Amino acid sequence: MNDGSGEQSPPENRPHSESPARALLCEIGVGTSGVVTEVTGEPEDTSRLKAMGICQGRLVRLVRSGDPLIVQVLGTRVGLSSRLARNVFVRDPGESAEVPQ
């Protein structure tokens, strides 16, 4: 995926075309909630995110954008570097989690 800068996004950060509409956590609007659909990255990063409560199926809300960005998860506000936030994919809470066949 090309972000317009001429650089290609790493394959592990590309949305899968067969998945329901989703976005990176760092790309949603402030005040927007989303359900985590996938957490990618190095094992240390995914473990850190999971320890903060950010894991597949969890509802999160973006409180503040920037670096660090602030998300609310399980009633707690958590600061995330933009690097970590680029590993988290979310979908609209109203959309079905099922993948069309």
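A residue counts as buried when its relative accessible area is under 20%, as exposed when it is over 50%, and as partly exposed in between. At 41% relative accessibility, arginine 83 therefore counts as partly exposed. This residue returns below, as part of a network of salt bridges.

The structure shown is a predicted model. The mean pLDDT of the protein chain is 81, and 74% of its residues reach 70 or more. Residues 1–19 have a pLDDT below 50, and in the model this stretch makes 23 contacts beyond near neighbours in sequence. Where pLDDT is low, the predicted coordinates should not be read in detail.

The overall layout comes next. The protein chain contains 2 helices and 6 strands, and along the sequence they follow the pattern β-β-α-β-β-β-α-β. Of the 101 residues in the protein chain, 32% are buried. The chain exposes about 6100 Å², of which carbon and sulfur atoms supply 48%. Among the contacts with a separation of 6 or more, 60% are between residues 24 or more positions apart.

The 6 strands form an open sheet with antiparallel pairing, in the order β1-β6-β2-β3-β4-β5. Its edge strands are β1 (23–24) and β5, each of which pairs on one side only. Strand β2, residues 33–39, is a useful place to start reading the sheet. To β3, β2 is joined by 3 bridges, and the two strands run antiparallel. Within this pairing, glycine 34 has valine 60 in β3 as its bridge partner. To β6, β2 is joined by 4 bridges, again with the strands antiparallel. Here valine 35 stands opposite arginine 91 in β6. Further along the sheet, 5 bridges join β4 to the edge strand β5, and these two also run antiparallel. Valine 73 stands opposite threonine 76 in β5.

Which residues have the most contacts inside the largest nonpolar core? They are Leu25, Ile54, Val71, Leu80, Val88 and Val90, and the core as a whole has 16 residues. Two or more residues of this core come from each of β3 (59–64), β4 (69–73), β5 (76–80), α2 (82–85) and β6 (88–91). The largest share, 3 residues, comes from β4. Valine 88 gives a view of the surroundings of one core residue. Leaving aside residues up to four places away in sequence, valine 88 touches Ala23, Leu24, Leu25, Val36, Glu38, Leu49 and Ile54. Two of these, Leu25 and Ile54, are also among the core residues with the most contacts.

Glu38, one of the residues touched by valine 88, leads on to the charged side chains. Side chains of opposite charge can pair when their charged atoms come close. The structure holds 3 salt bridges. In one of them, the side chain of glutamate 38 meets that of arginine 22, with 2.9 Å from N to O. This pair links distant parts of the chain, since glutamate 38 lies in strand β2 and arginine 22 in the segment before β1, 16 residues apart. Is each partner buried or partly exposed? Arginine 22 is buried, with a relative accessible area of 16%, whereas glutamate 38 is partly exposed, at 24%.

The other salt bridges to consider involve aspartate 45, which is buried with a relative accessible area of 8%. One partner is arginine 48, with the closest N and O atoms 3.8 Å apart. That distance lies within the 4 Å required, so the pair counts as a salt bridge. Aspartate 45 and arginine 48 are separated by about one helical turn, because they are 3 residues apart in helix α1 (residues 43–51). Arginine 48 is partly exposed, at 43% relative accessibility.

Another partner of aspartate 45 is arginine 83, and here the closest N and O atoms are 2.8 Å apart. This pair links distant parts of the chain: aspartate 45 is in helix α1 and arginine 83 in helix α2, 38 residues apart. Together, Asp45, Arg48 and Arg83 are linked in a network of salt bridges. In this network the aspartate is buried, while arginine 48 and arginine 83 are partly exposed. Helix α2, where arginine 83 lies, is also one of the elements that give two or more residues to the largest nonpolar core.

Terms used. Residues are numbered from 1 along each chain as its sequence is written. This is a predicted model: local features need pLDDT of at least 70, side-chain atom pairs count only at pLDDT 80 or more; totals for chains, interfaces and linings use all residues. Side-chain values use heavy atoms; hydrogens and water are left out. A nonpolar core is a set of buried Ala, Val, Leu, Ile, Met, Phe, Trp, Tyr and Cys residues joined through side-chain atoms within 4.5 Å. Buried means under 20% relative accessible area, exposed over 50%, partly exposed in between (1.4 Å probe, protein chains only). Contact means heavy atoms within 4.5 Å. Two strands pair if DSSP finds at least two bridges between them. pLDDT is the predictor's confidence in each residue, from 0 to 100. Accessible areas come from the Shrake-Rupley method with a 1.4 Å probe; for residues, only the protein chains shown count as cover.
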